[in-house]
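User: I'm new to this one and would like a close look at a single part rather than a tour of everything. Could you take me through it slowly and explain the terms on the way?

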Amino acid sequence: MEAKFTPGPWDVDYGPHASRFNIFGPGRHVGTFYPGSFKRGEENEANARLIAAAPDLLEALESAVDCGPFCDLPDDIQEKVIAAITKATS
């Protein structure tokens with residue numbers, strides 16, 4: 001299944017206000033993250049960075065599954081990887 005999201009890499013633009021973080025992909029605005037709280041600045045910034053890292057994380061997980069016998073992931077880890085890929089792409 002081909003991804004229907006904006007391809008990465010994504011970056012966070014913190015802008016002049018703590019009330020929102022803009023997420024940008026190559027040449028376009030992907031979305032705006034509204035933290036909903038002005039009291040937890042570090043947590044909000046960490047959430048925005050995690051959102052921006054999503055395409056890279058998905059690519060890393062797909063690489064881990066596709067790397068063949070050299071990876072030899074334990075079954076429980078492989079199940080988590082596949083579940084995360086499914087969650088992101090379904």
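Leaving aside its neighbours within four places in sequence, which residues is Val30 in contact with?

Analyst: Let's start with what kind of model this is. It is a predicted one, where local features need pLDDT of at least 70 and side-chain atom pairs count only at pLDDT 80 or more, while totals for chains, interfaces and linings use all residues. Numbering starts from 1 along each chain as its sequence is written, and side-chain values use heavy atoms, with hydrogens and water left out.

Now to your residue. Once its neighbours within four places in sequence are set aside, Val30 is in contact with Thr6, Trp10, Ile23, Phe24 and Gly25. Contact here means heavy atoms within 4.5 Å. Val30 itself belongs to strand β3. Is it buried or exposed? Neither, quite: Val30 is partly exposed, because its relative accessible area is 29%. The cut-offs are under 20% for buried, over 50% for exposed and partly exposed in between, using a 1.4 Å probe and protein chains only.

To see where β3 sits, step back to the whole chain for a moment. There are two helices and three strands, and from the N terminus on they come as β-β-β-α-α. These are DSSP runs numbered from the N terminus: H or I over at least four residues for a helix, E over at least two for a strand. Of the 90 residues in the chain, 19% are buried. If you look at contacts between residues at least 6 apart in sequence, 31% of those join residues at least 24 apart.

The three strands make up an open sheet, ordered β1-β2-β3, with antiparallel pairing. Its edge strands are β1 (11–13) and β3 (28–33), each of which pairs on one side only. So where does Val30 stand, in plain terms? Val30 is found in β3, and β3 is one of those edge strands. Pairing requires DSSP to find at least two bridges between the strands.

Take the β3 side of the sheet next. β2 and β3 run antiparallel and are joined by five bridges. Phe21 has Phe33 in β3 as its bridge partner, and Asn22 is matched with Thr32 in β3. The two strands form a hairpin with two residues between them, and in that turn Gly27 has a positive phi of about 75 degrees. β2 is mostly covered, with four of its five residues buried.

Over on the other side of β2 (residues 21–25), β1 pairs with that strand in the antiparallel sense over three bridges. Here Asp13 stands opposite Asn22, and Asp11 stands opposite Phe24. Asn22 therefore turns up twice in this story, because a bridge partner in β3, Thr32, has been listed for it too. Phe24 is worth remembering as well, as it is among the contacts of Val30.

What about the contacts of Val30 that come earlier in the chain? Thr6 and Trp10 are among them, so a look at that stretch makes sense. Pro7 lies in the segment before β1, and so does Pro9. Something to look for in the picture is the bond between Gly8 and Pro9: it is a cis peptide bond, with omega at about 0 degrees.

Pro7 gives you a handy landmark. Pro7 and Val30 are 23 residues apart in sequence, with their C-alpha atoms 9.6 Å apart in space. Is Pro7 buried or exposed? Pro7 counts as exposed, because its relative accessible area is 52%. Leaving aside neighbours within four places in sequence, Pro7 is in contact with Gly25 and Pro26. Gly25 also appears in the contact list of Val30, so you can use Gly25 as a stepping stone from one residue to the other when you turn the model around. Pro7 also lets you jump a long way along the chain: Asp56 is 49 residues away from Pro7 in sequence, yet the two are 9.3 Å apart, C-alpha to C-alpha.

Putting the close-up together: Val30 is partly exposed, sits in β3, and is in contact with Ile23, Phe24 and Gly25 as well as with Thr6 and Trp10.
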